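Me: I should like to understand how the terms used for a protein model are justified. Please set each value against its definition.

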Amino acid sequence: MFLPNPEHANVSPSGEWVVVRHSKHDHHILIPFPVPDSTIFFYNLETLKYGLLPNTIGEDLKPKLADRLWSPRWDASGSGLYYLSSEEIDHVDLTSGALGRVRKDCPGCNSIAINERLGVIAVTRRTSDWGPVGHADYELNLIRWSESFSNTLLTMRERVISMSNVSLSPGGWWVSYEIERWERDEQGKSQIRAYRRYVELADWKIGKVITSTKNQLTDFWVMDGVVVEPDLEALQILRHDLRTGERVVLARLAPDALAEEKKKGVEYESVYSVMIGGREQQYLLFQPGYFGGPLHIADLACSLQLAHTERAQGEQ
């Protein structure tokens with residue numbers, strides 16, 4: 001799948017389904033059938049089935065809903081989606097088609113993450129106008145469902161180009177977000193750099209803060225405190241233990257893994273975004289391109305079985 005803006009991709013709680021918002025403002029999404037200007041696209045990692053917004057959503061509502069459905073995030077049951085809509089947080093039940101309002105106010109919000117068990121919402125939002133060097137004031141807020149932004153559980157402030165792609169760990173012990181900011185390189189030239197911050201939570205207070213490799217995809221948690229990350233120096237994916245700082249290689253791409261792209265004249269040297277899916281977390285979803293590009297899906301179980309077979313044949 002071609003995803004110009006990967007932050008819209010989100011994996012269901014079962015690990016089976018990926019949901020992607022396709023907007024007329026994006027460039028293209030390569031799927032096997034025509035789509036309207038704005039729509040919600042679903043893909044099943046297990047069965048390879050795909051589809052648009054289900055038939056439970058009325059035809060008159062589908063275009064309007066898809067155009068408003070920003071930063072879609074699965075609910076805990078996997079039967080509905082939370083989303084941002086005109087600075088509000090809403091919910092759509094994909095089984096019945098019913099719409100509901102979670103919060104009537106989310107000023108300046110551009111991404112959300114929700115933990116139903118804890119009753120907590122994490123948001124990133126812009127709180128000031130752009131400054132003279134392209135920076136603005138942003139906040140990461142953790143709030144309870146019914147609380148106002150004047151009574152947040154936790155607030156982190158940064159003056160950056162952007163803050164987005166917020167993500168909560170499965171148990172709610174960590175929160176993460178991506179930032180972009182201007183920095184000077186060794187020659188003194190200004191350039192935009194992107195990072196991901198991981199923030200450890202202790203009684204809703206800020207604990208350890210780790211700044212790490214850029215990763216635009218948001219479902220990167222192996223467990224609380226352990227994530228998958230791209231290696232910006234090579235075609236491989238790392239497993240990063242945030243508590244110990246240890247990074248180990250989780251998977252390497254075979255020399256011919258991206259042969260199709262190479263035939264088209266595009267040769268990648270590293271991975272830039274990665275997340276995991278599948279019932280057993282056996283799928284790696286990654287993008288080798290810095291500015292979006294094809295979303296590749298690798299089956300680790302299949303790769304391990306193939307490697308075992310090849311090794312056995314070699315020993316014979």
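Reply: The chain has 3 helices and 23 strands; helices (H or I, at least four residues) and strands (E, at least two) are DSSP runs, numbered from the N terminus. This is a predicted model, in which local features need pLDDT of at least 70, side-chain atom pairs count only at pLDDT 80 or more, and totals for chains, interfaces and linings use all residues. Residues are numbered from 1 along each chain as its sequence is written, and side-chain values use heavy atoms, leaving out hydrogens and water.

Me: How many of the residues count as buried, and what does the word mean?

Reply: Of the 316 residues, 50% count as buried. Buried means under 20% relative accessible area, exposed over 50%, and partly exposed in between (1.4 Å probe, protein chains only).

Me: Why is Asp224 said to have no salt bridge?

Reply: A salt bridge requires a side-chain nitrogen of Lys or Arg within 4 Å of a carboxyl oxygen of Asp or Glu. For the buried Asp224, the nearest side chain of opposite charge, Arg117, is 6.5 Å away, so the salt-bridge limit of 4 Å is not met. Asp224 is located in the loop between strand E17 (221-223) and strand E18 (226-230).

Me: What makes the pair of Asp224 and Ser169 a polar contact?

Reply: The side chains of Asp224 and Ser169 are 2.3 Å apart. A polar contact is a pair of N or O atoms within 3.5 Å; within protein, one must be able to donate a hydrogen and the other to accept it, and residues adjacent in sequence count only if both atoms are side-chain atoms. The value of 2.3 Å therefore satisfies the distance limit.

Me: Why is the pair of Tyr198 and Phe220 called edge-to-face?

Reply: Rings of Phe, Tyr and Trp (its six-membered ring) pair if their centres lie within 6.5 Å; planes under 30 degrees apart count as stacked, over 60 as edge-to-face and the rest as tilted. By this rule there are 6 aromatic pairs. In Tyr198 and Phe220 the centres are 5.7 Å apart and the planes make 85°, so the pair qualifies as edge-to-face. Tyr198 lies in strand E15 (residues 190-202) and Phe220 in the loop between strand E16 (205-212) and E17, so the pair ties together parts that are 22 residues apart in sequence. Both residues, Tyr198 and Phe220, are buried, and with Trp221 they form one aromatic cluster.

Definitions and conventions
Lys and Arg count as positive and Asp and Glu as negative; His and the chain ends are not counted.
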